[in-house]
Amino acid sequence: MTLSPTGEGLRRALDGPFHDLKQRWRDEVTAEDIVRDTALSVEEAREWTLDRVVRLAHRDLVTAGFPAEVGGTGNVAASVANFEMVAMGDLSLTIKTGVQHGLFGGAITNLGTDYHHRTFLPGAISTDLLGCFAMTELGHGSDVQSLETTITWLPDTSEFEVHSPTPSATKAYIGNAARDGRMAAVFGQLIVDGEHQGVHVVLVPIRDEAGADLPGVTTGDHGHKGGLLGIDNGTIRFDHVRVPREMLLDRYGGVDEEGRYHSPIESKNARFFTMLGTLVRGRICVGGGAASAARKALSIAVRYGDRRRQFRSPGLGEEILLLDYLTHQRRLLPHVARAYAYGFAQNELALQLQRVSDGDGDVRDSRELETRAAGMKALLTRWALDSLQEAREACGGAGYMSDNGITMARQDADIFATFEGDNTVLLQLVAKALLLEYKSTWGDMDLRGTAQKTAAMLGQTVLERTTARSVIERLVAVADRKPESERIRARGWHVQLFEFREKHTVEGLAKRMRAAGKLQGAEQQAAIMACQPHMLEAAKAHVDRVVLEAFIEGIEECEDDYIKAILVKVCDLYALSTVEANRAWFLEHEVFDAKRSKSITATVDDLCGELRPKARELAEGLGVPEEWLKHPREAVPPLLP
């Protein structure tokens with residue numbers, strides 16, 4: 001079906017700076033290239049996925065983010081946009097190229113030197129050298145610093161010995177490990193002359209060309225999983241496997257020809273976090289990929305609701321479209337609004353990644369990127385799972401058919417909440433970063449002084465980092481001049497609510513953590529543990545505010561007044577539905593009363609009704625080619641128009 005002018009305008013606005021790149025995918029990539037048959041067996045799915053990764057790589061569709069001198073095309077921000085587009089087709093394919101190009105290739109790019117780039121990247125880019133990213137172990141997932149695998153320097157032979165000393169040191173859930181991988185980027189504890197130098201990464205060949213395990217390497221197959229059947233996840237164990245000195249990725253630390261350890265970063269702790277910080281692109285991609293799967297499901301569900309009829313109005317012959325029911329609008333349109341909000345925030349995050357990668361920033365900018373990437377990944381993947389379920393239910397029985405496409409996406413996206421960092425752990429990371437900002441600003445100020453100064457600190461130091469600061473100040477000023485009856489749709493009022501929630505939760509958390517810090521032993525540990533739920537709420541409030549500001553910036557950059565007017569209502573729906581979802585907090589803290597709470601709910605209802613006539617165009621604007629929504633075996637006719 002031909003794309004409507006409004007749908008095209010919304011798509012262009014949401015694509016933002018990546019429109020040309022994403023449009024190339026829509027113009028050149030067919031469903032046959034990117035949409036997997038849900039009926040394939042595990043082995044068939046693996047074969048299909050590997051074949052499609054090779055095809056996309058040979059067409060330079062997934063090779064952005066690598067140095068041009070070794071065959072890379074495009075920058076790291078473009079690689080994030082590419083990842084999002086693959087995810088609109090198939091998530092197994094997305095993760096397969098993510099493992100190969102983003103993780104294995106990304107480790108070589110970011111942690112290796114010129115030798116590693118020239119020697120290994122051409123094969124990684126072309127898929128002639130299929131690789132694994134061997135970080136996670138059976139005994140350690142998110143706690144990377146405690147990995148058990150050892151990388152021991154052997155001065156007599158100028159080699160490193162890679163070893164799994166215990167069963168829990170087995171590398172687990174590793175993509176490409178069960179079947180296709182020929183080399184692994186292995187994370188382990190580096191030991192040089194008996195001294196522990198922290199986690200480093202070494203390249204280890206694991207299979208010969210025929211696919212047989214090399215001596216000392218034992219791989220295993222995790223087999224059938226709850227999703228991502230096209231990915232050959234497996235285990236790897238090492239029994240005193242030796243590799244040459246040059247195989248250590250030594251950009252941030254290695255052993256020279258004289259056998260001496262060297263590093264440009266003296267602190268082991270700083271070295272560790274610097275190394276992991278260079279791999280932040282993977283976390284950004286996972287959030288964007290999950291959001292793309294949600295966009296696809298919502299596109300299917302909105303189209304279905306705009307076609308499927310159910311029940312008749314009294315005295316009228318024609319049955320009512322599902323999307324004409326307020327309850328159906330309520331279950332889908334707030335999710336569509338959130339898809340737009342997250343899309344604009346993801347664009348901003350990708351550009352921020354590019355600025356840091358280009359060296360256009362300092363340590364503070366890198367930390368801010370890591371914090372935002374962690375928070376966005378946690379919120380996007382959680383939302384994706386919720387919206388996929390809602391979209392499935394909104395299609396009724398048709399949504400449960402595999403041919404519909406939602407069921408497979410729902411299964412495949414499930415693990416996104418876990419890999420690249422468990423969401424609960426990531427939200428705690430965000431909260432810790434906010435507390436670090438807090439502590440560095442106020443030092444040992446007493447609690448009373450801290451409470452008095454917190455609002456100003458958060459308002460001034462955090463908001464200065466947003467690209468929409470001047471616009472936000474103007475919107476807040478306008479909202480302050482509006483009568484109370486008109487403030488509910490004033491964007492400045494929305495901003496004030498989001499800011500207050502963030503400020504208050506962070507301030508309260510800081511007070512509790514400072515009080516806990518004055519305790520000793522088990523009492524201190526118990527007090528800190530008790531703060532964990534508070535940490536999660538502070539992190540969510542922070543990311544919600546960041547997302548709203550990105551949406552505001554996206555609207556500001558839209559040059560089409562008609563499209564901008566639609567986006568304003570979509571942003572209203574995102575902001576007020578978020579406030580509504582958190583209204584218990586706002587009521588508890590007396591930010592508004594019960595009457596205003598009811599008005600917010602009524603306004604969300606009104607906005608759903610106002611956006612209902614544009615629902616189809618809003619779905620088009622999410623950017624999924626209609627051809628990619630259809631199953632390759634030709635779906636049962638009622639599923640899609």
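## A helix tucked inside

Let's start with helix α12, which covers residues 406–413: 6 of its 8 residues are buried, so the rest of the structure largely encloses it. Keep in mind that you are looking at a predicted model. The buried members of α12 are I406, T407, M408, A409, D412 and A413. What lies on top of them? The cover includes α6, α9 (280–305) and α11 (363–394).

Now zoom in on one residue of α12, A413. Its relative accessible area is just 1%, and under 20% counts as buried, so A413 is buried. Setting aside residues up to four places away in sequence, A413 touches L91, L385 and L388. You can also compare A413 with R303: they are 110 residues apart in sequence, and their C-alpha atoms are 21 Å apart in space.

## Stepping back to the whole protein

How many helices and strands does the protein have? There are 23 helices and 13 strands. The radius of gyration is 25 Å, close to the 26 Å that the globule rule gives for 641 residues, so the protein is as compact as a globular protein of that length. If you draw a box along the principal axes, the C-alpha atoms fill roughly 90 × 65 × 45 Å.

What share of the 641 residues is buried? The figure is 58%. As for the outside, the protein exposes about 25900 Å², and carbon and sulfur atoms supply 52% of that area. Then there is the question of who touches whom: among contacts with a separation of 6 or more, 73% are between residues 24 or more positions apart.

## Helix α4 and its neighbours

Helix α4 runs over residues 42–58, and you can check its length yourself. At 1.5 Å a residue, its 17 residues should span 24 Å, and the end C-alpha atoms are 25 Å apart, which agrees. Right after α4 you meet D60, whose phi is positive, near 60°.

Which residues of α4 are buried? They are V42, A45, R46, W48, T49, L50, R52, V53, L56 and A57. These buried residues pack against α2 (19–28), α3 (31–34), α6 (91–111) and α7 (114–126), and also against β7 (217–221).

## Two buried residues in other helices

A538 belongs to helix α18, residues 532–557. Is A538 buried or exposed? With 0% relative accessibility, it counts as buried. Not counting residues up to four places away in sequence, A538 touches L434, T505, V506 and L509. A538 and E507 are 31 residues apart along the chain, with 9.1 Å between their C-alpha atoms.

H335 sits in helix α10, residues 326–357. Its relative accessible area is 16%, and the limit for buried is under 20%, so H335 makes the cut as buried. Its contacts, leaving aside neighbours within four places in sequence, are L298, W383, D386, S387 and E390.

## Rings that pair up

Time for some aromatic rings. A pair of them is described by the distance of the centres and the angle of the planes. The count here comes to 12 aromatic pairs. Take F133 and F187: their ring centres are 5.0 Å apart and their planes sit at 70°, and over 60 degrees counts as edge-to-face, so that is what we call this pair. F133 lies in strand β1 (residues 131–134) and F187 in strand β5 (residues 183–192), so the pair ties together parts that are 54 residues apart in sequence. Both F133 and F187 are buried.

F272 and F273 make another edge-to-face pair, with 5.1 Å from centre to centre and 80° between the planes. Where do these two sit relative to the surface? F272 is buried, with a relative accessible area of 6%, whereas F273, at 43%, counts as partly exposed. There is a cluster to look for as well: ring pairs link F344, F498, F551 and Y574. Finally, find W493, because R596 lies over the face of its ring, at 5.0 Å from the ring centre.

Definitions and conventions:
Residues numbered from 1 in each chain as written. Predicted model: local features only at pLDDT ≥ 70, side-chain atom pairs only at ≥ 80, totals over all residues. Heavy atoms only, no water. Phe/Tyr/Trp six-rings, centres within 6.5 Å; stacked < 30°, edge-to-face > 60°. Helix = DSSP H or I, 4+ residues; strand = E, 2+ residues; numbered from the N terminus. Buried < 20%, exposed > 50% of the residue type's maximum accessible area, 1.4 Å probe, protein only. Lys NZ or Arg CZ within 6 Å of the ring centre and 35° of its normal. Rg over C-alpha atoms; globule rule 2.2 N^0.38 Å. Contact = heavy atoms within 4.5 Å. Areas by Shrake-Rupley, 256 points an atom, 1.4 Å probe, with all protein chains shown as cover. Expected span 1.5 Å × (residues − 1).
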